[in-house]
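I opened the notebook to go through one chain, beginning with its strands and ending at a few single residues. The sequence and model come first, and my entries follow.

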Amino acid sequence: MAETFTGDRIILKDLGFYGYHGVFAEEATLGQRFFIDIELGIDLSVPAATDRLSTGISYADIYDVVKACFEGRRMKLLEAVAQNIVDGIFETFQSVDWIVIRLRKPEAPIAMVRGEAAIELHRHRKSK
């Protein structure tokens with residue numbers, strides 16, 4: 001049975017980055033736009049009750065980790081880029097139980113008139 005992704009969550013949507021990820025040489029040279037949507041499963045009851053940032057996770061801190069992981073090294077596959085971000089989030093924020101991340105590549109080098117190529121990963125924190 002698959003685990004569910006329920007409960008409280010922090011959502012960051014349409015985070016835009018310019019990067020050099022991709023299989024083709026032109027992608028490594030010219031780069032292109034990427035967009036990331038990410039949901040973090042985390043108990044938000046304490047920050048909701050206290051109204052204190054110190055009891056939760058700063059959205060800016062999440063963004064900084066996503067950015068650092070996205071820009072840290074060039075990768076060929078969207079799947080690898082997204083997994084690198086997932087690993088960074090889990091490593092940095094111990095209170096995150098699960099992550100859903102969608103990585104979109106609107107200028108993927110395929111013959112499409114409109115749309116985008118994208119992948120989505122669903123990951124739970126591994127038990128220790």
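In which sense do E1 and E2 pair, and over how many bridges? I looked this up first and found that E1 and E2 are antiparallel, with nine bridges between them; two strands are taken to pair if DSSP finds at least two bridges between them. Before going on I noted that this is a predicted model, in which local features need pLDDT of at least 70 and side-chain atom pairs count only at pLDDT 80 or more, while totals for chains, interfaces and linings use all residues. I also noted that residues are numbered from 1 along each chain as its sequence is written, and that side-chain values use heavy atoms, with hydrogens and water left out.

**Entry: overall layout**

I counted four helices and four strands in the chain, where helices (H or I, at least four residues) and strands (E, at least two) are DSSP runs numbered from the N terminus. Following the sequence, I read the pattern as β-α-β-α-α-α-β-β. The C-alpha trace spans about 50 × 35 × 30 Å along its principal axes. Of the 128 residues in the chain, 38% are buried; buried means under 20% relative accessible area, exposed over 50%, and partly exposed in between, with a 1.4 Å probe and protein chains only. I then looked at contacts (heavy atoms within 4.5 Å) and found that, among those between residues at least 6 apart in sequence, 65% join residues at least 24 apart.

**Entry: the strands**

I followed the bridges from strand to strand. Gly19 has Gln32 in E2 as its bridge partner. E2 and E3 run antiparallel and are joined by seven bridges, and here Leu40 has Ile99 in E3 as its partner, while Asp37 stands opposite Arg102 in E3. E3 is in turn joined to E4 by eight bridges, again in the antiparallel sense, and Arg102 stands opposite Glu120 in E4. I also checked how covered these strands are: in E2, eight of the ten residues are buried, and E3 is largely enclosed by the rest of the structure, because seven of its eight residues are buried.

**Entry: the nonpolar core**

Which residues touch the most other members of the largest nonpolar core? I found Ile36, Ile38, Ile85 and Ile89 in that role, in a core of 30 residues; such a core is a set of buried Ala, Val, Leu, Ile, Met, Phe, Trp, Tyr and Cys residues joined through side-chain atoms within 4.5 Å. At least two of its residues come from each of strand E1 (9-19), strand E2 (32-41), helix H3 (59-72), helix H4 (78-92), strand E3 (98-105) and strand E4 (117-124). H4 gives the largest share, seven residues. I took Ile38 as an example and, leaving aside its neighbours within four places in sequence, listed its contacts, among them Ile10, Leu12, Val66, Ile85, Ile89 and Ile101.

**Entry: the largest pocket**

The largest pocket holds about 160 Å³ of space. Its lining has 14 residues, of which Val23, Lys76, Leu77, Leu78 and Lys105 are the closest to the centre, and H4 and E4 each supply at least two residues of that lining. By class I recorded nine nonpolar, one polar and four charged residues.

**Entry: single residues**

Pro109 lies in the loop between E3 and E4. Is Pro109 exposed, partly exposed or buried? I entered Pro109 as partly exposed, because its relative accessibility is 46%. Not counting residues up to four places away in sequence, Pro109 touches Phe24 and Glu27. Pro109 and Val23 are 86 residues apart in sequence, yet their C-alpha atoms are 9.6 Å apart in space.

I then turned to Asp14, which is in strand E1 and has a positive phi of about 60 degrees although it is not a glycine. Asp14 counts as partly exposed because its relative accessible area is 45%. Asp51 likewise has a positive phi of about 60 degrees without being a glycine, but its place is in the loop between helix H2 (45-50) and H3. I marked Asp51 as exposed, since its relative accessibility is 72%.

Note on methods
On a 1 Å grid over the protein atoms alone, a cavity is a set of points where a 1.4 Å probe fits but cannot get out, and a pocket is an open set with protein on both sides within 12 Å along at least five of seven lines; lining residues have an atom within 4 Å of a point. Grid points are joined across faces, edges and corners, and a volume is the space filled by probe spheres set on the points. Ala, Val, Leu, Ile, Met, Phe, Trp, Tyr, Cys and Pro count as nonpolar, Asp, Glu, Lys and Arg as charged, and the others, Gly among them, as polar.
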